[in-house]
Amino acid sequence: MTRIDSIQAVHVGTDFFTEVDIVLPGSMPLEKAHDIGIELQNQLETIDDIERAYVHLDFEVTHMPPSEHKII
């Protein structure tokens, strides 16, 4: 399964920090998954209003991504 699990953006100053959670097959080699994550990060950071992009990779969707982070 390959899909976007969640996308979040936080306004910081005049720009945004983004977090994207994507799902890739568990059988995909780490090297390939890493390259996909880096390429997505680089592409997102070429968008004028995005100062920083964080890309998280996973192999399943049964969790809730927001529950993995501290609520502030």
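## Contacts along the chain

Of the contacts in the chain with a separation of 6 or more, 49% are between residues 24 or more positions apart. Please keep in mind as you read that this is a predicted model. The chain has 72 residues, and buried residues make up 25% of them.

## Fold

Let's start with the secondary structure. The chain comes to one helix and three strands, and from the N terminus on the order of the elements is β-β-α-β.

Strand β2 covers residues 15–23 and strand β3 covers residues 50–58; the two run parallel and are joined by eight bridges. If you would like one pair to look up in the viewer, take D21, whose bridge partner in β3 is H56. Helix α1, residues 30–44, belongs with these two strands: β2, α1 and β3 make a right-handed β-α-β unit.

## The N-terminal segment

Ahead of β1, which spans 3–12, lies the segment that holds T2. This residue counts as exposed, because its relative accessibility is 58% and the cut-off for exposed is over 50%.

Which residues does T2 touch, leaving aside its neighbours within four places in sequence? The contacts are with V23, L24 and P25. For P25, the C-alpha atom is separated from that of T2 by 6.3 Å, although the two residues are 23 apart along the chain.

## Charged pairs

Side chains of opposite charge can pair when their charged atoms come close. The structure holds two salt bridges. One of them links R3 with D5, where the closest N and O atoms are 3.7 Å apart. R3 has a relative accessibility of 39% and therefore counts as partly exposed.

The other salt bridge is between E45 and R52, with 2.9 Å between the closest N and O atoms. Is E45 buried or exposed? With a relative accessible area of 27%, E45 is partly exposed, because the class of partly exposed lies between the buried limit of under 20% and the exposed limit of over 50%. R52 is also partly exposed, with a relative accessible area of 29%.

## Around the rings

R52 comes up again here, so it is a handy residue to select. Besides its salt bridge with E45, R52 lies over the face of Y54, at 4.6 Å from the ring centre. Both R52 and Y54 fall in the residue range of β3, 50–58.

How many aromatic pairs does the structure hold? There is one aromatic pair. A pair of this kind is described by the distance of the ring centres and the angle of the planes.

Key: Residues are numbered from 1 along each chain as its sequence is written. This is a predicted model: local features need pLDDT of at least 70, side-chain atom pairs count only at pLDDT 80 or more; totals for chains, interfaces and linings use all residues. Side-chain values use heavy atoms; hydrogens and water are left out. Two strands pair if DSSP finds at least two bridges between them. Helices (H or I, at least four residues) and strands (E, at least two) are DSSP runs, numbered from the N terminus. A crossover is right-handed if, with the strands pointing away from the viewer, the path from the first strand over the helix to the second runs clockwise. Rings of Phe, Tyr and Trp (its six-membered ring) pair if their centres lie within 6.5 Å; planes under 30 degrees apart count as stacked, over 60 as edge-to-face and the rest as tilted. A charge sits over a ring if NZ of Lys or CZ of Arg is within 6 Å of the ring centre and within 35 degrees of the ring normal. A salt bridge is a side-chain nitrogen of Lys or Arg within 4 Å of a carboxyl oxygen of Asp or Glu. Buried means under 20% relative accessible area, exposed over 50%, partly exposed in between (1.4 Å probe, protein chains only). Contact means heavy atoms within 4.5 Å.
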